[in-house]
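Student: I'm new to this one, so could you take me through a single part of it up close? I'd like to hear about the aromatic rings and what surrounds them.

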Amino acid sequence: MKKLSFLCLLLVAISKCTFAQEDFPDMRSWAIYGDSIERYVYADTAFIRVSPDTRQAPVDTLFAGDNILVLQVTKNGLTVRGLRGPWLQVTYTKNGEQKKGYIWQGLVSLTPLRRGDTKFVAAIERRSDSLYLNEDRQRDTLHRFVVKVKAVQNGVIKSTATFITDDDESANFGYGKIMSGMGLTNVQNIVIISFGGEACGIPTYDYYLAWTADQRLVRLPGKMNVGDAGAYYHSENFIFPNEKNGRPDMITWEMSTEEATDKLDKNGEYIMAVTEKGSKTYAWDPVTYKVTELKQ
């Protein structure tokens, strides 16, 4: 519960210093804020331009995993793969020389993640919208993004994985972290890519990927958390093998929902009551890399 409250405050603080990109809502997940932003090149091959447009020939070519530093978000836009985004002024080093140029934002990674000589390069790849019938039996559009993660070592893409996330308020920020293998056999690291909103009451979705001993990215179960401080909390957590109550090559998912009652504690805050709980157990196969939900 405290973690959810802290996240709400953190996201509000971040939103106040985000570059103004109101004209490019497709790019909001990149969370480019501050004076200078470190990122990786996301595209397999990315051209650097002398100006923020495609009218002139490229002046340089960069590759997935190359380091760049974002200096400025321009007002010039470009639409590629259904995503409209701005050009970024960046600085980078090539052949020992520091250079400047422009790159389209969709060719740049979200949060930079690295463990040893492996970079995990994630970004929104394209749109994945679909039609459905809403409650009024009318056609409506489900807005979603395809996200791709690339594991890159010394300029070589070793493995990729994709997943789909909703294009709603939960996609206002994209970020991530890297954990150990958490006791799963043949797993070097677990990579978590998260998407969250800029206010309380907006879900945060965490997508888990196993980075295996033979250098593959494998999807694991994900989780969602959402909270409205002092009123409602929905919390999902995992227990991995090397954690308390963990079991060999098992992942336990636990869920709890709390809602405020009409009773107050000694500090004048509403007392929370658990309204729903649940759990699932997943078996990890270290040979086939399959994750199977076990029947209760």
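**A close look at the aromatic rings**

Tutor: Let's start with Tyr208, which is buried, at a relative accessible area of 6%; buried means under 20% relative accessible area, exposed over 50%, and partly exposed in between, with a 1.4 Å probe and protein chains only. Before going on, note that this is a predicted model, where local features need pLDDT of at least 70 and side-chain atom pairs count only at pLDDT 80 or more, while totals for chains, interfaces and linings use all residues. Residues are numbered from 1 along each chain as its sequence is written, and side-chain values use heavy atoms, leaving out hydrogens and water.

Phe238 is buried too, with a relative accessible area of 10%. There are eight aromatic pairs in the structure (rings of Phe, Tyr and Trp, the last by its six-membered ring, pair if their centres lie within 6.5 Å; planes under 30 degrees apart count as stacked, over 60 as edge-to-face and the rest as tilted). Tyr208 and Phe238 have ring centres 5.0 Å apart and planes at 85°, so this pair is edge-to-face. Because Tyr208 sits in strand β15 (residues 204–212) and Phe238 in strand β18 (residues 232–239), the pair ties together parts that are 30 residues apart in sequence. Strands (E, at least two residues) and helices (H or I, at least four) are DSSP runs, numbered from the N terminus; the protein chain has one helix and 21 strands.

Now for the cores, and here's the rule: a nonpolar core is a set of buried Ala, Val, Leu, Ile, Met, Phe, Trp, Tyr and Cys residues joined through side-chain atoms within 4.5 Å. The largest has 49 residues, and Ile193 is among those touching the most other members. Leaving aside residues up to four places away in sequence, Ile193 touches several residues, including Phe163, Tyr175 and Tyr207, where contact means heavy atoms within 4.5 Å. Tyr208 belongs elsewhere: a second, separate core of 18 residues includes Tyr208, Trp253, Tyr282 and Tyr289.

Back to the rings: Phe163 and Tyr207 join Phe195 in one aromatic cluster. Trp253 has a charge for company, since Lys280 lies over the face of its ring, 5.2 Å from the centre; a charge sits over a ring if NZ of Lys or CZ of Arg is within 6 Å of the ring centre and within 35 degrees of the ring normal. Likewise, Lys150 lies over the face of Tyr42, at 4.2 Å from the ring centre.
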